[in-house]
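Thanks for coming. I have one structure to go through today, and I will start with a detail before I get to the whole.

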Amino acid sequence: FTWWLVKNSPGTAEPRAPKTVRHEPDYIMESFTLQRYTADGALAVQIQGAQLRHYPDTDLLEIDGVQLVATGQDGSITRATAKKASAKGDGSEVKLEGGARVVQEGSDLIEPMEVEGEFLHAFLKTKQLHSRLPVRVRQGTSELRVAALQVDNLKQVAVLGGPIRMQIQPLKKK
């Protein structure tokens with residue numbers, strides 16, 4: 001609440017000289033937990049981390065030691081962890097770096113799907129996931145290893161960069 005109050009309080013009426021915008025954080029949070037709720041009061045997103053920094057010149061958030069849990073409208077749960085994350089202020093893009101791991105669990109999935117790599121770039125509004133570095137995708141006992149990845153969930157299209165190594169096993173029914 002204090003952060004919101006300071007950000008939304010009117011300033012003094014005196015004219016000020018224009019500030020030189022530098023790439024320095026305007027606020028920092030240590031050992032934090034942020035939660036966003038839906039209109040009906042259900043938890044939509046929870047983000048935890050060791051440190052968060054906001055840069056006003058680019059409206060960029062940087063998070064060290066990030067742990068994210070998001071609940072979709074269909075009840076699916078996405079869990080993500082990484083050593084470092086950076087996100088646009090509007091929440092449209094998130095980059096996970098260093099031991100990035102995303103696990104998608106949902107009622108329509110027979111088994112959870114796990115994506116791991118050193119770099120994952122998620123475009124949340126367009127439901128896309130990209131990586132220019134090697135990625136491992138696992139579901140049950142099936143595994144896919146690719147040198148690069150571009151997934152468009154809305155179009156149900158995946159572009160895999162080689163070399164590609166794949167082991168596919170039948171999924172077990174619940």
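Which residue takes a positive phi in the hairpin of β6 and β7? The residue is K127, with a phi near 55°. That hairpin has four residues between its strands. Before going on, I should say that this is a predicted model, and everything that follows is computed from it.

Let me stay with this hairpin for a moment. Strands β6 and β7 pair in the antiparallel sense, over three bridges. F123 stands opposite Q128 of β7. Strand β7 runs over residues 128-131 and has two faces: L129 and S131 are on the covered one, Q128 and H130 on the uncovered one. In a regular strand the side chains alternate between the two faces of the sheet.

Strand β7 has another partner. It pairs with β9, again in the antiparallel sense, over four bridges. S131 has L149 in β9 as its bridge partner. Also in strand β9 is V151. The C-alpha atoms of V151 and Q128 are 5.4 Å apart, although 23 residues separate the two along the chain. Is V151 buried, partly exposed or exposed? At 25% relative accessibility, V151 is partly exposed. Leaving aside neighbours within four places in sequence, V151 is in contact with K127, Q128, L129, H130, V157 and A158. So K127, the residue with the positive phi, is among the contacts of V151.

Now the whole chain. The protein has one helix and 10 strands. In sequence order the helix comes before the strands, the pattern being α-β-β-β-β-β-β-β-β-β-β. Of the 174 residues, 29% count as buried. The accessible surface comes to about 12,000 Å², and carbon and sulfur atoms account for 55% of that. Take the contacts between residues at least 6 apart in sequence: 32% of them join residues at least 24 apart.

Next, the interior. The largest nonpolar core has 23 residues. Which residues have the most contacts inside it? They are I63, V66, L96, V115, L120, L129 and V135. Eight strands each supply at least two residues of this core: β1, β2, β3, β4, β5, β6, β8 and β9. In soluble globular proteins, nonpolar side chains tend to be buried together. L120 is one to look at on the screen. Outside its neighbours within four places in sequence, L120 is in contact with V94, K95, L96, A100, V102, V115, L129, H130, S131 and V135. That list includes L96, V115, L129 and V135, which are also named among the core residues with the most contacts.

On to charges. How many salt bridges are there? The count comes to 10. I will show three of them.

In one, E105 pairs with R79, the closest N and O atoms being 3.5 Å apart. E105 lies in strand β5 and R79 in strand β4, so this pair ties together parts that are 26 residues apart in sequence. E105 is partly exposed at 27% relative accessibility, and R79 is partly exposed at 38%.

In another, E116 pairs with R136, with closest N and O atoms 2.2 Å apart. Here E116 is in strand β6 and R136 in strand β8, so the link joins parts 20 residues apart in sequence. R136 counts as partly exposed, at 22%. E116 and R136 also belong to a network of salt bridges, together with R101, E114 and R138.

The last of the three is between R145 and E143, at 2.8 Å between the closest N and O atoms. R145 has a relative accessible area of 39% and is partly exposed; E143 is partly exposed as well, at 22%.

Two items on the outside remain. L160, I164, M166 and I168 form a nonpolar patch on the surface, with about 380 Å² of accessible area together. M166 has its place in strand β10, residues 157-167. The other item is T58, found in the loop between β2 and β3. T58 is partly exposed, at 46% relative accessibility. T58 and K88 are 30 residues apart in sequence, and their C-alpha atoms are 8.2 Å apart in space.

That is the tour. I can put any of these residues back on the screen.

Terms used. Residues numbered from 1 in each chain as written. Predicted model: local features only at pLDDT ≥ 70, side-chain atom pairs only at ≥ 80, totals over all residues. Heavy atoms only, no water. Salt bridge = Lys/Arg side-chain N within 4 Å of Asp/Glu carboxyl O. Buried < 20%, exposed > 50% of the residue type's maximum accessible area, 1.4 Å probe, protein only. Core = buried A, V, L, I, M, F, W, Y, C linked by side-chain atoms within 4.5 Å. Contact = heavy atoms within 4.5 Å. Areas by Shrake-Rupley, 256 points an atom, 1.4 Å probe, with all protein chains shown as cover. Pairing = 2+ DSSP bridges. Patch = residues over 30% accessible without salt bridge, like charges linked within 9 Å, V, L, I, M, F, W, Y side chains within 5 Å.
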